[in-house]
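Biologist: I am new to this structure and would like to begin with a single part of it. Please choose one spot where charged side chains meet, look at it closely, and then show me what lies around it.

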Amino acid sequence: MSENARTPLADRVDPIRDWSARRTYLAGDFRAEDLVAAKAGRRVSVVLPARNEESTVGVIVAALRSELVERVPLIDELVVIDSHSADGTAGVARAAGARVVAQGDVLPALGDVPGKGEALWKSLAATDGDIVAFLDSDLRDFDPSFATGLLGPLLTVPGVVFCKGAYERPLDDGRTVLPAGGGRVTELVARPLLATHWPALAGFVQPLAGEYAGTRQALESIPFAGAYGVDIGILVDLFESYGLDALAQVDLGRRTHRHSPDSALAVMAMHQHLAVLSRLRRHGRAPDSHLPGDTLTLHRRDPVGHGFSAETVVVSPGERPPMREMRAQLRAGS
């Protein structure tokens, strides 16, 4: 019988509840004016990674600029990292008031790989804020309180180095909007993985939330998983490095965004598995000799003939080293 099985359930759950009660905040708890005073000389960078988001990125940038750059000087840098968009994302973001940086133009000597993880990692080299907040650029019904909520604990609570968004995720199935049900990869993949390997993180309502903020020191001390594994990777690595009490979450209310087809979710799910396996290996909890697969076969009903057609896609998101180490290597080589 495992040690965990011998431990009463209440003794395992209570520490999670205690952390949640102590480290969960409401976005409305923080006023932008108060946070400006709490900055105490620190600079704040807000980063939006974007790929083909011309329909939403401009609205988000305009709201942030109007409320938190011009009305209240909370944000010092408002940056959109354009991840090879094929539409007008860059132009829309620039017109709305963001500084737009092409992902491929950042650290070009190190190459460029597709995916969100690369955009977030490179944003650390493209910004200089002491605190960096990340917001997804496909959000609908955006409210600037998303930013103030994420920044609040980092600016006002001693010891907190990272804050993750928590929210309700409605599911739009094309016919009606259900009050919950969004976040299928979260519920079916990420949450069971964390429960299995890092049960102390069970208090996070949205472990895959793309809305989070951290101190530069903390974010530059950890590797960044590639593509969609970056969100769970950052959460696990900061927990391992700083402990649970240095992590917080903030209730942002409701998050509405575009939903993906099952085939795309399958690829995202594999990113979660690969990011978790990498961290298990790094911490000596999985053998280095185990080589994970790098392809995923999807099956679809053939609309013309009978039976199914198979499509095999390569899923190899890779990983970037801690930016702090990369900066040291670049300095040594210059």
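**A network of charges and its surroundings**

Modeller: Let us start with a network of salt bridges that links Lys116, Asp136, Asp138, Glu211, Asp231 and Arg255. Please keep in mind that this is a predicted model.

One link of the network is worth a closer look. Lys116 forms a salt bridge with Asp231, and their closest N and O atoms are 3.1 Å apart. This pair joins distant parts of the chain, since Lys116 belongs to helix 6 (residues 116-126) and Asp231 to helix 10 (residues 230-242), with the two positions 115 residues apart in sequence. Are these two charged residues buried or exposed? Both Lys116 and Asp231 are buried.

The setting of Lys116 fits into a wider picture of its helix. Ten of the eleven residues of helix 6 are buried, so this helix is largely enclosed by the rest of the structure. Besides Lys116, the buried residues of helix 6 include Trp121, Leu120, Leu124 and another lysine, Lys122.

In general, side chains of opposite charge can pair when their charged atoms come close. The whole structure holds 30 salt bridges, and two others make useful companions to the one above. Glu168 and Arg254 meet through their side chains in a salt bridge with an N to O distance of 3.2 Å. Here too the pair links distant parts of the chain: Glu168 is in strand 7 (residues 162-168) and Arg254 in strand 12 (residues 247-254), 86 residues apart. Unlike a buried residue, Glu168 counts as partly exposed, at 32% relative accessibility. Arg254 is partly exposed as well, with a relative accessible area of 42%.

The other companion is a local one. Glu67 and Arg71 form a salt bridge, 2.8 Å from N to O. These two residues are four positions apart in helix 4 (residues 57-71), so about one helical turn separates them. Glu67 is partly exposed at 29% relative accessible area, and Arg71 is partly exposed at 47%.

Now for the sheet, to which strands 7 and 12 belong. Eight strands form an open sheet with mixed pairing, in the order 1-12-7-10-5-2-3-4. Strand 1 (24-26) and strand 4 (99-102) stand at the edges with a single partner strand each, so one side of each has no neighbour in the sheet. On average, neighbouring strands of this sheet are turned by 25° against each other, ignoring direction. At one edge, strand 1 pairs with strand 12 in the parallel sense over three bridges. There, Tyr25 stands opposite Val250 of strand 12.

Strands 5 and 10, which follow one another in the sheet order, bring us to the aromatic rings. Counting ring pairs whose centres lie within 6.5 Å, the structure has five aromatic pairs. Phe134 and Tyr212 have ring centres 5.6 Å apart and planes at 70°, so they are an edge-to-face pair. Because Phe134 lies in strand 5 (residues 131-134) and Tyr212 in strand 10 (residues 212-215), this contact ties together parts that are 78 residues apart in sequence. Phe134 and Tyr212 are both buried. Together with Phe162, they form one aromatic cluster.

A further aromatic pair is made by Phe142 and Phe146, which are also edge-to-face, with centres 5.6 Å apart and 70° between the planes. Phe142 counts as buried at 14% relative accessibility, and Phe146 is buried at 4%.

Charges and rings also come together directly. Arg285 lies over the face of Trp198, 5.0 Å from the ring centre. In a similar arrangement, the charged end of Arg301 sits over the ring of Phe308, at 4.3 Å from its centre.

For a contrast with the buried residues, turn to Ala95 in helix 5 (residues 89-96). Ala95 is exposed, with a relative accessible area of 69%. Ala62 is 33 residues away from Ala95 in sequence, and their C-alpha atoms are 8.8 Å apart in space.

To return to where we began, Lys116 and Asp231 belong to the linked network of salt bridges, and both are buried.

Technical notes:
Residues are numbered from 1 along each chain as its sequence is written. This is a predicted model: local features need pLDDT of at least 70, side-chain atom pairs count only at pLDDT 80 or more; totals for chains, interfaces and linings use all residues. Side-chain values use heavy atoms; hydrogens and water are left out. Rings of Phe, Tyr and Trp (its six-membered ring) pair if their centres lie within 6.5 Å; planes under 30 degrees apart count as stacked, over 60 as edge-to-face and the rest as tilted. Buried means under 20% relative accessible area, exposed over 50%, partly exposed in between (1.4 Å probe, protein chains only). A charge sits over a ring if NZ of Lys or CZ of Arg is within 6 Å of the ring centre and within 35 degrees of the ring normal. A salt bridge is a side-chain nitrogen of Lys or Arg within 4 Å of a carboxyl oxygen of Asp or Glu. Two strands pair if DSSP finds at least two bridges between them. Axes are lines fitted to C-alpha atoms, for helices over the stretch in contact, and angles run from 0 to 180 degrees between N-to-C directions.
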